Structures are given as C-alpha cells and as structure tokens.
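Before reading on, please turn the model until its strands can be followed by eye, and keep the sequence beside it for reference. The paragraphs below then lead from one region to another.

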Amino acid sequence: MNKFFLGIFFFYKICFSQITLSISEYHPFSEKIKILDLNPTIINWSIDNSFLLIDNLRKEFFKQDKFGDINLSSFSNHNSNSYSDLIWIGVSPYGINVLDRLENKILYFDHNLNPISEIKMDKSLFPEFAAIDSWGILYLYSRAYNAIYIFEDNQLNKFPFINLNLVFSNSFCIKEMSINQDSELGILDCNGTVHLFNRNGKKKMSINSTIEESEFLVSIRNDWLIFDVHGNGVSINNQKKILLPGSSIPIIDIASMNRSLAILSRDHILIMNVK
C-alpha cells in the first residue's frame, strides 16, 4: 500500500507543472467506524490535524484524529438519531458548530464534542449550505429565500447578505458554496459556473467551468478548485486540469485548509498538498 501511494506521489510531482499535487497523508477508517457502521458524507478540518465528519444518513457526527481514533459526541452517544438533517460542521471561535437544517438551529460543542448550547434561528431559513470565514462569521444559504445570510456573534442578521434573486434570478440554483482566506465567497451553480463575491457581498466575476457535472468547490489560497465525483478537477485561475488519485474515487466530499485538501472517500481520508 505504501509503495502504491509513493508511486502516485511521484506521478503527481512530475505531471503537473503549474499545479503540483503531492500526497502527504493517508488515513484509513478505523475498525471502530466499521463496527459502528458509520459512513461519513461530510468532512471538515478540526484543530490539531483532526477531522470533523458527519454521517448524514445515520444523523451522527464525530471526530477522527490522524491515528484513526474517533470521538463521538457524548450527546449522540445517549440520543441516537436525535438530529434531523445535519448539513455542516466546522470550527468557530466558540468551539465546534453543527448546523441542523430541518431544526433550523446551530449546535455548539467543545473540541471534545461535549454539548454546550444551541441557538434556534428566529427566521425560517432552513439553510442548505454553510461556510465560515477566518473571523468566525457563518454564511448560510437559504433556498427558501434564495439568499445568503450572515450569522455573527450568535445572532442572525435578518437582512440578506446577498439576495440571489436580485443578482441572478429566482430560479438560481446552488450546488456548492465555499469561502477563501480573504473572506471572499465562491458559489458553484447547478450549471457548473463559479460566481465570486467580495467580502462586502458584491459580485466580482463569473467563470464557466470545464468540468461537467461538477460537485465540489474549494479554495486554495488565492485560487479556487472545482472537482467532480470522479476526481477530475480544474483551477479557476489558470484553467489547469487536475486529477485526483483513482484510489479515492468516488469522491464523497472535499475540504481545504491553507494549501491542503482533505479528500473523503468511502473507506479513507487522503490529504494532498497543492502548490
């Protein structure tokens, strides 16, 4: 297995001149994940190089460290299937936040996944997508209002940050949403076009993707990368094509941090450095 991934490492170092991918870590799922029959569908980075994972079907979330050890929420341990529709998990200045779409609330946990509190939003957003910036501001996309709202300092701004009905049309469809290090927002629509907004919510540009059936949009420093579930990707800045390792296909989810990608597959997490 190590020789296999080492071979892929050198392949990627040689084949891409402008965008260099290299495998830095490989984390197979632990036996405990298999015993608990967990199948994570959403990934994000946690502190200390750990990963936050959601099994949307089982309505569970947990943390896995780089040694494969997992930590289930103590709330989940005693209240199985007590959540409705978990669509996002991430780190904020308040600890770890989990977004429950159907309950229209944000759950707060410490970094050991012990429950702290929860806030039910007083506007019926039922958000479909979320992203958090470096300041801890949470951006929520509501299909019901076809708009993006800001949740800051434990409060929801009831006025849209971006009203997509005004920018595009009331039939505008989002497939993915992400945010970069400069708090600029990227939206991947259902036609494969990427729309970029500055930190004030003003549209900067729209760029058509060359990836058919694109699913994932992630930011890497000053660039944006688009991928499909088969590992085909492209850079927005220079339109350079990218190919993720076939051993991680199909891609379940992708999360970025600085210059690294965490690729969630069916039985492992693959970390790749991007240059």
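What follows is a walk through a predicted model, taking in a sheet, a pocket, a cavity and a disulfide.

Begin with the sheet. Strands of a sheet pair through backbone hydrogen bonds, either parallel or antiparallel. Here four strands make up an open sheet, arranged in the order β1-β25-β24-β23, and their pairing is antiparallel. Because β1 (21–28) and β23 (253–257) each have a single partner strand, they stand at the edges, and one side of each is left without a neighbour in the sheet. From one strand to the next, the twist averages 20°. At the β23 edge, the partner is strand β24 (residues 260–264), and the two are held in antiparallel register over five bridges; within this pairing, serine 256 stands opposite leucine 261 of β24.

Ser256 also leads to the largest pocket, since it is listed, together with Asn44, Trp88, Ser178 and Ala255, among the residues that lie nearest the centre of that pocket, whose lining counts 45 residues. The space in the largest pocket comes to about 1,200 Å³. Two or more lining residues are given by each of β2 (42–45), β6 (86–92), β10 (129–132), β15 (174–179), β19 (216–220) and β23, and the largest share, seven residues, comes from β6. Sorted by class, the lining of this pocket has 24 nonpolar, 14 polar and seven charged residues.

Apart from this pocket, the structure holds one cavity of 30 Å³ or more. Rolling a probe the size of a water molecule over the atoms shows where empty space is left. The largest cavity has about 50 Å³ of space, and its lining is made by Ser92, Tyr94, Asn97, Tyr108, Ile132, Gly136, Leu138, Phe151, Asp153 and Asn154. Of these lining residues, five are nonpolar, four polar and one charged.

The last stop is the disulfide, of which the structure holds one. Cysteine 173 is joined to cysteine 190, with an S to S distance of 1.9 Å, and the link is left-handed, with -50° about the S-S bond. Cysteine 173 lies in the loop between α4 (164–167) and β15, while cysteine 190 lies in the loop between β16 (185–189) and β17 (193–197), so the pair ties together parts that are 17 residues apart in sequence. Buried means under 20% relative accessible area and exposed over 50%. Cysteine 173 has a relative accessible area of 32% and is therefore partly exposed, and cysteine 190, at 32% relative accessibility, likewise counts as partly exposed.

Key. Residues are numbered from 1 along each chain as its sequence is written. This is a predicted model: local features need pLDDT of at least 70, side-chain atom pairs count only at pLDDT 80 or more; totals for chains, interfaces and linings use all residues. Side-chain values use heavy atoms; hydrogens and water are left out. On a 1 Å grid over the protein atoms alone, a cavity is a set of points where a 1.4 Å probe fits but cannot get out, and a pocket is an open set with protein on both sides within 12 Å along at least five of seven lines; lining residues have an atom within 4 Å of a point. Grid points are joined across faces, edges and corners, and a volume is the space filled by probe spheres set on the points. Ala, Val, Leu, Ile, Met, Phe, Trp, Tyr, Cys and Pro count as nonpolar, Asp, Glu, Lys and Arg as charged, and the others, Gly among them, as polar. Two strands pair if DSSP finds at least two bridges between them. Axes are lines fitted to C-alpha atoms, for helices over the stretch in contact, and angles run from 0 to 180 degrees between N-to-C directions. A disulfide is a pair of cysteine sulfur atoms within 2.5 Å. Buried means under 20% relative accessible area, exposed over 50%, partly exposed in between (1.4 Å probe, protein chains only).
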